[in-house]
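Colleague: I would like a close look at one part of this model, namely its inner spaces and the residues around them. Please keep the account connected, so that I can follow it at the bench.

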Amino acid sequence: METIKRSNVIYQFGPHSHPVVEVDSGAIVLVETDDCFGSQIKSEKDLVTSVDFSRVNPATGPIGIRGASPGDVLTVEILEIDVGEKGFMVGIPNEGAFGHLIEKPVTKEIAVRNGKFRFSDTLLFPVNPMVGVIGVCPSDRVVPCGEIGDHGGNMDAKVIREGAKIHFLVRVEGAMLALGDVHAGMGDGEAVICGIETTAEVKVKLNLTKSPRIEPQRPIVELDDKFITIGHGSSLDEAASTALNDMAKLMREITDMDYPEIAMLISAVGDLRVCQIVDPQKTARVEMPKSSLGNPDRIVF
């Protein structure tokens, strides 16, 4: 099993990236990730105003997959996420949904022990690890790791967790996968502009599909019981519309239903949820139970 050290990072996804390691399809890789601040915040005395923002949202990688070519699908299965023993959150005046209520920058250190995080002396919650940034490299432009795009990137969707499979359309030779920005916990919306930002070790399995039956324009997340499309846009309405239309397109490709029936089924059993509302590109997702799609064995990427 390859181990990618957290010192091997990129700050942008781009077409001319070079792999730090190359692996075969089917490989299991352990990826060490830094926190979204690049470890620049070490205590509550360190404020976000002192952070070098050219070094935020580092993603470990890229990992090249031998034989991956544009048009293939790379499936990244998240086997394990082990988070660090502490995390940080910050409040920033005039940023996020609560910026108008925050008068000055503030940093909060949160202990993470034995599968729980201690928000305060009286508030203890189960850890819910998720990967905020994960993607392959686009072919036509450079995208900072703090932003989302059709290639993936800063999706901040809490469904990208242990047990999830994320299906990416390969856009450059080798796919060039990178990931980071792990949270020990994050609520839908990420309202204060961050989750519990922490270091982590993420074990993933990488599988390549040549000549896939489905070529997803944007990443599709698969859980044991559901499929999830993730959309982004300058407004929540735009993000929701993208996620809804991507789900309708997926269902049209894998079922015998026409669009009016698909639309009614999504409205009946699908869930439209917010991922985050605080970045310039907002993010929403649509979750559909696999049971609504007929025979899940037909769904082959």
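Modeller: For the residue classes, Ala, Val, Leu, Ile, Met, Phe, Trp, Tyr, Cys and Pro are taken as nonpolar, Asp, Glu, Lys and Arg as charged, and the others, including Gly, as polar. The model is predicted, with pLDDT of at least 70 needed for local features and 80 or more for side-chain atom pairs, while totals for chains, interfaces and linings use all residues. Numbering starts from 1 along each chain, and side-chain values use heavy atoms, without hydrogens and water.

I begin with the enclosed space. On a 1 Å grid over the protein atoms alone, a cavity is a set of points where a 1.4 Å probe fits but cannot get out, a pocket is an open set with protein on both sides within 12 Å along at least five of seven lines, and lining residues have an atom within 4 Å of a point. A volume is the space filled by probe spheres on points joined across faces, edges and corners. The whole structure holds one cavity of 30 Å³ or more, and the volume of the largest cavity is about 110 Å³. Its lining includes the run Ile 214, Glu 215, Pro 216, Gln 217, Arg 218, Pro 219 and Ile 220, and is completed by Thr 229, Asp 246, Lys 249, Leu 250 and Glu 253. Five of these lining residues are nonpolar, five are charged and two are polar.

Helix H1 (residues 236–254) gives this cavity four lining residues, the largest share; helices (H or I, at least four residues) and strands (E, at least two) are DSSP runs numbered from the N terminus. Lys 249, one of the cavity-lining residues, is also among the H1 residues in contact (heavy atoms within 4.5 Å) with helix H2, together with Leu 244, Met 247, Ala 248, Met 251 and Arg 252. On the H2 side, the residues met are Tyr 259, Ile 262, Leu 265 and Ile 266. The contact of H1 with H2 comprises eight nonpolar and two charged residues, with no polar ones.

Turning to the open spaces, the largest pocket has a volume of about 640 Å³. Of the 28 residues that line the largest pocket, Phe 53, Val 56, Asn 57, Gly 146 and Asp 279 lie nearest its centre, and the whole lining divides into 15 nonpolar, seven charged and six polar residues. Asn 57 belongs to the loop between strand E5 (28–33) and strand E6, and its phi is near 55°, a positive value in a residue other than glycine. Strand E6 (residues 59–65) contains Pro 62, which is joined to Gly 61 by a cis peptide bond with omega of about 0°.

The second largest pocket encloses about 340 Å³. Nearest its centre, among 19 lining residues, are Met 89, Phe 119, Val 192, Cys 194 and Ile 196. Strand E8 (86–91) and strand E9 (106–113) are the elements that each give two or more residues to this lining, and E8 provides the largest share, three residues. By class, the lining of the second largest pocket has twelve nonpolar, four polar and three charged residues.

Note on methods
Axes are lines fitted to C-alpha atoms, for helices over the stretch in contact, and angles run from 0 to 180 degrees between N-to-C directions.
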